[in-house]
Structure formats: structure tokens, C-alpha cells
Amino acid sequence: MEAHMQFVIGPHTSIARGYRRAAEEAVAIGANTFQFFTRNPRGGNAKALDAADVAGLREVMAAHDFGPLLAHAPYTLNMASKTEKTREFAKMAFAEDLERLERLPCSLYNFHPGSHVGQGSETGIALILETLNAVMRPDQTTTVLLETMAGKGSEIGRSFEELAAIIAGCDHAEHLGVCLDTCHVYSAGYDIVGHLEETLAAFDRIVGMERLKALHINDSKTPFASYKDRHEQLGKGSIGLAAFERLAAHPQLSRLPMFLETPHDDYRSYGQEIAFMRAANEGRQTM
């Protein structure tokens with residue numbers, strides 16, 4: 001890795017008190033990016049943008065050499081639902097979020113592909129593509145990210161093949177990428193602990209490494225191939241600290257923005273994980 005390459009890492013942050021405040025809180029714990037929900041994670045309306053707050057966010061980002069921010073869609077957004085009302089909400093929220101993100105200094109928008117709820121993944125993928133192709137635009141500046149999923153229930157996105165199928169069917173695939181969640185892929189049966197290079201080679205062959213735009217950094221409360229989505233603090237789960245050290249120092253992965261979604265009662269505790277990942281990126285031992 002080039003010595004001057006910026007290492008970008010940050011936590012999931014609340015924007016309840018504004019975007020500028022969220023950026024300042026991220027800086028206070030050593031972060032140079034953050035992730036935020038575009039609206040209540042369980043749905044609902046998005047808070048109106050405040051021009052002064054957005055300007056303040058830009059100031060903090062410029063002053064502290066921020067990488068790209070990551071906006072996260074609400075969990076209730078399910079483009080693959082068999083219920084028309086649910087799909088209509090997904091389409092509305094997705095379109096509204098993309099429009100708002102054009103006015104924010106945020107270039108990445110992550111969403112869970114959805115659950116086919118018994119219809120089968122092929123039908124679910126077709127429904128996802130209906131929304132993507134109706135809402136995405138050739139001139140948008142935001143890159144939409146499909147998140148890798150753990151495979152619980154009828155989730156779509158548990159395999160690289162399913163992600164590749166969505167990308168292949170998207171009319172505006174030039175604006176589509178992937179966010180790799182470490183807990184999810186490990187739970188889905190991709191061994192990033194013992195076979196990281198083989199996993200990345202499979203991703204490259206099936207999806208293409210150029211599509212990988214961000215990482216969710218999370219340990220897992222459950223064992224390998226458990227197909228469960230249970231995030232854990234780094235080093236306290238089945239993935240382990242050594243695997244995250246390798247991720248932080250990896251010549252391809254370390255160039256991507258990383259976002260922590262680990263469970264903490266105290267927001268400042270994210271700072272310890274950020275410091276650990278930065279030290280690993282620089283080849284220093286901290287543990």
C-alpha cells in the first residue's frame with residue numbers, strides 16, 4: 001500500500017442533532033467519515049435539510065480531510081416484497097433519498113437488497129430491478145451500494161451471484177456497487193478469517209473488485225456459516241482481531257472507506273476500534 005494513501009474509517013452516527021454535529025462527534029473520536037440513516041431505520045419521513053447545517057458539514061469535512069460519507073436506507077425498505085404497498089414505500093423512500101443526497105456531500109447510499117418472502121430469489125431480484133430501473137438516473141452523483149447479507153430467512157444478497165444478477169439487470173449499473181459487511185459475509189459462509197484471498201478472488205470473478213466501494217466492519221456473535229445477522233465488537237466475536245488487522249492492512253481493502261456498526265453503549269468506545277484499525281493499517285501492534 002502506498003504510504004500516503006488515506007485510511008478512511010468512521011462509526012455509524014446519529015444525525016438527530018444535525019449533520020455538522022455528527023461530523024464533529026466523529027472527528028472527536030478519530031474518525032474521518034461516518035455512516036447515518038437517511039430516516040428512522042424503521043421507516044417514516046426524512047427530516048428536512050437545513051442549508052446552514054449542510055454548509056457546516058462541508059466545512060468540517062474539508063477541515064479534517066474526510067472521505068466519502070455513507071447514507072444507509074431504512075431497514076423497512078424492501079423492494080422485493082410480495083406486498084405492493086411495501087414495494088411502493090420502498091420506491092418512494094429510495095427516490096426521495098437519492099434526491100436529497102444530491103444536495104449533501106455524500107457519495108454513497110447503502111441498502112439491504114430485500115427479502116423475497118417465499119417468492120424465490122429470481123422473482124425478488126426482478127422486483128428489485130423494477131425499482132432500481134425506475135428510480136436511478138444516468139446523471140446522479142450518488143453511488144448506490146448493495147449490502148452483502150447474512151442469509152437469514154429469505155434475504156437476497158446472501159451470495160455474490162445474487163448481487164451480480166442485480167448488477168447485470170440494472171439499467172444504470174455504472175452507479176451501482178457493493179458494500180461488504182464482514183459479519184454478514186462470514187455468517188453467509190464466506191471465510192474471510194481463514195481464506196480471505198480466496199473470498200476476494202471469488203468476489204472479483206463473480207461481481208468484480210471494481211464494484212466493491214465500502215466495508216462494514218463488524219465482528220459476529222454467531223459462528224461461521226450461521227446465516228444470522230448478529231454484530232459484535234471487534235475481537236469479541238467469532239471473526240477475531242487478527243482478521244481485522246489483515247483487513248486494515250490489505251492493499252485493496254484498506255483503500256476503501258470502512259464503517260463500524262459494532263454495538264456500543266458509549267459512542268466514544270468506537271474510538272478504540274478506530275485507533276486499533278488505524279494502527280493495524282500502519283503496521284503497529286496495539287494489543
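Author: In this predicted model, a strand is a DSSP run of E with at least two residues and a helix a run of H or I with at least four, numbered from the N terminus. By that reading, Ala225 sits in the loop between S8 and S9.

Reader: What makes the phi of Ala225 stand out?

Author: The phi of Ala225 is near 55 degrees, which is a positive value in a residue other than glycine. Val117 is a further case, with a positive phi of about 40 degrees although it is not a glycine, and its place is in the loop between strand S4 (108–111) and helix H4 (121–135).

Reader: Why is Val117 called partly exposed, and why is the word also used for Ala225?

Author: Partly exposed covers what lies between the 20% limit for buried and the 50% limit for exposed. Val117 has a relative accessible area of 37% and Ala225 has one of 28%, so each falls in that middle class.

Reader: How many aromatic pairs are there, and why is the pair of Tyr19 and Phe36 named as it is?

Author: Rings pair if their centres lie within 6.5 Å, and the count by this rule comes to nine aromatic pairs. Among them, Tyr19 and Phe36 have their centres 5.3 Å apart with 85 degrees between the planes; since edge-to-face asks for over 60 degrees, the pair is edge-to-face. Tyr19 lies in helix H1 (residues 19–28) and Phe36 in strand S2 (residues 35–37), so the pair ties together parts that are 17 residues apart in sequence.

Reader: How do you know whether Tyr19 is buried or exposed, and what of Phe36?

Author: Buried means under 20% relative accessible area. Tyr19 has 6% and Phe36 has 1%, so each of these residues counts as buried.

Reader: Why are the rings of Tyr186 and Phe224 called a tilted pair?

Author: Their centres are 5.0 Å apart and their planes stand at 55 degrees, which is neither under 30, as stacked would need, nor over 60, as edge-to-face would need, and therefore the pair is tilted. Tyr186 belongs to helix H6 (residues 182–187), whereas Phe224 lies in the loop between strand S8 (219–220) and strand S9 (231–232), so the pair links parts 38 residues apart in sequence. Tyr186 is buried at 7%, but Phe224, at 36%, counts as partly exposed.

Reader: What makes the space lined by Tyr19 and Phe36 a cavity, and which other residues line it?

Author: A space is called a cavity where a 1.4 Å probe fits but cannot get out. One cavity of 30 Å³ or more is counted, and the largest cavity holds about 40 Å³. Besides Tyr19 and Phe36, its lining consists of Thr38, Asp97, Arg100, Leu101 and Leu104, with helix H3 (residues 84–101) giving the most, three residues. Because Tyr and Phe count as nonpolar along with Leu, the lining comes out as four nonpolar, one polar and two charged residues.

Reader: Which residues lie nearest the centre of the largest pocket, and which lie nearest that of the second largest?

Author: The largest pocket, of about 470 Å³, is lined by 23 residues, with Phe37, Tyr75, His112, Asp229 and His231 nearest its centre; its lining divides into six nonpolar, ten polar and seven charged residues. The second largest pocket, of about 270 Å³, has 19 lining residues, of which Ile15, Ala16, Tyr19, Phe37 and Lys47 lie nearest its centre.

How values were computed
Residues are numbered from 1 along each chain as its sequence is written. This is a predicted model: local features need pLDDT of at least 70, side-chain atom pairs count only at pLDDT 80 or more; totals for chains, interfaces and linings use all residues. Side-chain values use heavy atoms; hydrogens and water are left out. Rings of Phe, Tyr and Trp (its six-membered ring) pair if their centres lie within 6.5 Å; planes under 30 degrees apart count as stacked, over 60 as edge-to-face and the rest as tilted. Buried means under 20% relative accessible area, exposed over 50%, partly exposed in between (1.4 Å probe, protein chains only). On a 1 Å grid over the protein atoms alone, a cavity is a set of points where a 1.4 Å probe fits but cannot get out, and a pocket is an open set with protein on both sides within 12 Å along at least five of seven lines; lining residues have an atom within 4 Å of a point. Grid points are joined across faces, edges and corners, and a volume is the space filled by probe spheres set on the points.
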